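Work through these short exercises with the model open. Try each task before reading its solution.

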Amino acid sequence: MKNRKRHSPEQIVKKLRDADALLAAGKSVGEVLQMLEVSEATLSRWRSQYGGMKSEEAKRLKMLEEENNRLKKIVGDQALDIQMLKEITKGN
């Protein structure tokens, strides 16, 4: 079993462009998948997520998703702290 490889948003956008060019040149889907070293499910997921984007837009999207996750974690921690303080003050 091969090790998993993480692709950056720029790499994904480039591979999507390459896949479209190869398919337009008459290559079969199987050949394209082999050349890109990805599965059909991965290519499909990438198309739905990054289809039509430029690499700068994909990079910005990734950064915004990471920031959003960080902020959600902060809000969750604050909600737990508030709940804890309510429980503590309830006993007094």
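**Exercise 1. Place Thr42 and decide: buried or exposed?**

Step 1. Thr42 sits in helix H3. Helices here are DSSP runs of H or I, at least four residues long, numbered from the N terminus.

Step 2. This is a predicted model: local features need pLDDT of at least 70, side-chain atom pairs count only at pLDDT 80 or more, and totals for chains, interfaces and linings use all residues. Residues are numbered from 1 along each chain as its sequence is written, and side-chain values use heavy atoms, with hydrogens and water left out.

Step 3. Apply the cut-offs: buried is under 20% relative accessible area, exposed is over 50%, and partly exposed is in between (1.4 Å probe, protein chains only). The relative accessible area of Thr42 is 16%, so Thr42 is buried.

Step 4. Check its side chain. Thr42 and Ser39 are joined there by a polar contact of 2.9 Å. Such a contact is a pair of N or O atoms within 3.5 Å; within protein, one must be able to donate a hydrogen and the other to accept it, and residues adjacent in sequence count only if both atoms are side-chain atoms.

**Exercise 2. Which residues of H1 are buried, and where do they lie around the axis?**

Step 1. Check the length of H1. The expected span is 1.5 Å times one less than the number of residues. For the 16 residues of H1 that gives 22 Å, and the end C-alpha atoms are 23 Å apart, which agrees.

Step 2. List the buried residues of H1: Pro9, Ile12, Val13, Lys15, Leu16 and Ala19. They cover an arc of only 165° around the axis, so they lie on the same side of H1. The arc is taken from the directions from the helix axis to the C-beta atoms.

Step 3. Recall the geometry. An α-helix has 3.6 residues a turn, so residues three or four places apart point the same way.

Step 4. Find the cover. It includes H2, H3 and helix H4 (55-91).

**Exercise 3. What does Leu16 touch, and what does Arg17 touch?**

Step 1. Contact means heavy atoms within 4.5 Å. Leave out residues up to four places away in sequence.

Step 2. Leu16 touches Leu43, Trp46, Arg47, Tyr50 and Gly51.

Step 3. Arg17, also placed in H1, touches Met53, Lys54 and Ser55 under that sequence rule.

Conventions
Helix = DSSP H or I, 4+ residues; strand = E, 2+ residues; numbered from the N terminus.
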